[in-house]
Amino acid sequence: MDGETRWLNPDERGAWMSFIATVSLLEAALDRQLQRDADMPHAYYQILAMLSEVPGRALRMSDLAAITQSSQSRLSHAVSRLERNGWVRRRPCPDDRRSTFAELTEAGFAALAAAAPGHVRSVRENLFDQLTPEQVGQLHDICRAVLSRLAAAPGAVPLPGACGTPTPEGPGR
C-alpha cells in the first residue's frame, strides 16, 4: 500500500449510500414480511432455503455458517430454534466426529414451501417490480462483477447459485 486513500468521488459516494440504504431497507422489509406471515426471521428462512437446495438437504454446520455468513454460535442458536420447531435436526457426521450436520426435516421443507410464495411476492414487490427488464440484467451484471472479487477472498462462501451457477427452482427461490 502506498498510504494514499482513494476517496469516493461524488457519483461513487451517492451510489454507495443508495446501495447501503437499499440493502438495509430491503432486508428489513423481507424480515417483516416473513415474521408476519411465516413467524420466522429472514435469517431462518435463509437457513431452510440453503438446506433445501443441497443434495440430501443436509450440510455441515460449519459450511452452513459460512454460506449464511453467520458465526458458529449464532448459527447454533438459530438451528436450536429450528430444531424446537421440528424444521431441522442435527446429526453426527459419519466420517468426522468433530462435525455435525444440520438436516432439513419434512416439516421444515413444508414450512419453507408455505413461506416461499409470500417471500417471493415481497422480493418482487420491493425490488423487481421497480425495475425494467434491462435494469434487472444490469443489476445481475453489477452483482456478478462485485461478487466475483468477494467470492475469491479466502474463506468466502457465496450462496449457492450466486456466482452464475444455476440453482433448481423450488421453495427457497
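In these legends, contact means heavy atoms within 4.5 Å.

This is a predicted model, in which local features need pLDDT of at least 70 and side-chain atom pairs count only at pLDDT 80 or more, while totals for chains, interfaces and linings use all residues. Residues are numbered from 1 along each chain as its sequence is written, and side-chain values use heavy atoms, with hydrogens and water left out.

**View 1. The whole chain, with its six helices and three strands.** Helices (H or I, at least four residues) and strands (E, at least two) are DSSP runs, numbered from the N terminus. Read from the N terminus on, the elements follow the order α-α-β-α-α-β-β-α-α. Of the 173 residues of the chain, 28% count as buried, where buried means under 20% relative accessible area, exposed means over 50%, and partly exposed is in between (1.4 Å probe, protein chains only). The accessible surface, obtained by the Shrake-Rupley method with a 1.4 Å probe, comes to about 11400 Å² for the chain, and 56% of this surface belongs to carbon and sulfur atoms. Among the contacts in the chain with a separation of 6 or more, 53% are between residues 24 or more positions apart.

**View 2. Leu64 and its surroundings in helix 3.** Leu64 has its place in helix 3, which covers residues 61–67, and with a relative accessible area of 0% this residue is buried. When residues up to four places away in sequence are not counted, Leu64 touches Ile47, Met50, Leu51, Leu59, Leu75 and Ala102. The C-alpha atom of Leu64 is separated by 9.4 Å from that of Val157, a residue 93 residues apart from Leu64 along the chain.

**View 3. The packing of helix 1 with helix 5.** Helix 1 (residues 10–38) and helix 5 (residues 106–126) pack at an angle of about 150°, and their axes are 10 Å apart; the axes are lines fitted to C-alpha atoms, for helices over the stretch in contact, and angles run from 0 to 180 degrees between N-to-C directions. Helix 1 and helix 5 are therefore roughly antiparallel to each other, given that angles under 35 degrees count as roughly parallel, over 145 as roughly antiparallel, 65 to 115 as roughly perpendicular and the rest as oblique. The crossing of the two helices, helix 1 and helix 5, is right-handed, a word used if the near helix is turned clockwise from the far one by less than a right angle, whereas anticlockwise gives left-handed. On the side of helix 1, Leu26, Ala29, Leu30, Gln33, Leu34 and Ala38 meet Ala115, Gly118, His119, Ser122, Val123 and Asn126 of helix 5. The residues of this contact of helix 1 with helix 5 divide into seven nonpolar, five polar and no charged; Ala, Val, Leu, Ile, Met, Phe, Trp, Tyr, Cys and Pro count as nonpolar, Asp, Glu, Lys and Arg as charged, and the others, Gly among them, as polar.

**View 4. Ser122 in helix 5.** Ser122 counts as buried, at 5% relative accessibility. Apart from its neighbours within four places in sequence, Ser122 is in contact with Ala29, Leu30 and Gln33, and these three residues are among those of helix 1 that meet helix 5.

**View 5. The crossing of helix 2 and helix 4.** The axes of helix 2 and helix 4 come within 11 Å and cross at roughly 80°, and the two helices, helix 2 and helix 4, are therefore roughly perpendicular to each other. Tyr44, Ile47 and Leu48 in helix 2 meet Leu75, His77, Ala78, Arg81 and Leu82 in helix 4. The residues in this contact of helix 2 with helix 4 comprise six nonpolar, one polar and one charged.

**View 6. Glu103 in strand 3.** Strand 3 covers residues 100–104, and Glu103, at 15% relative accessibility, counts as buried. Leaving aside neighbours within four places in sequence, Glu103 is in contact with Leu51, Gly56, Arg57, Ala58, Trp87, Val88, Arg89 and Arg91. The C-alpha atoms of Glu103 and Glu83, which are 20 residues apart along the chain, are separated by 9.7 Å.

**View 7. Arg57, in the loop between helix 2 and strand 1.** Helix 2 spans 42–52 and strand 1 spans 58–60. Phi of Arg57 is near 50°, a positive value in a residue other than glycine, and Arg57 is partly exposed, with a relative accessible area of 24%.
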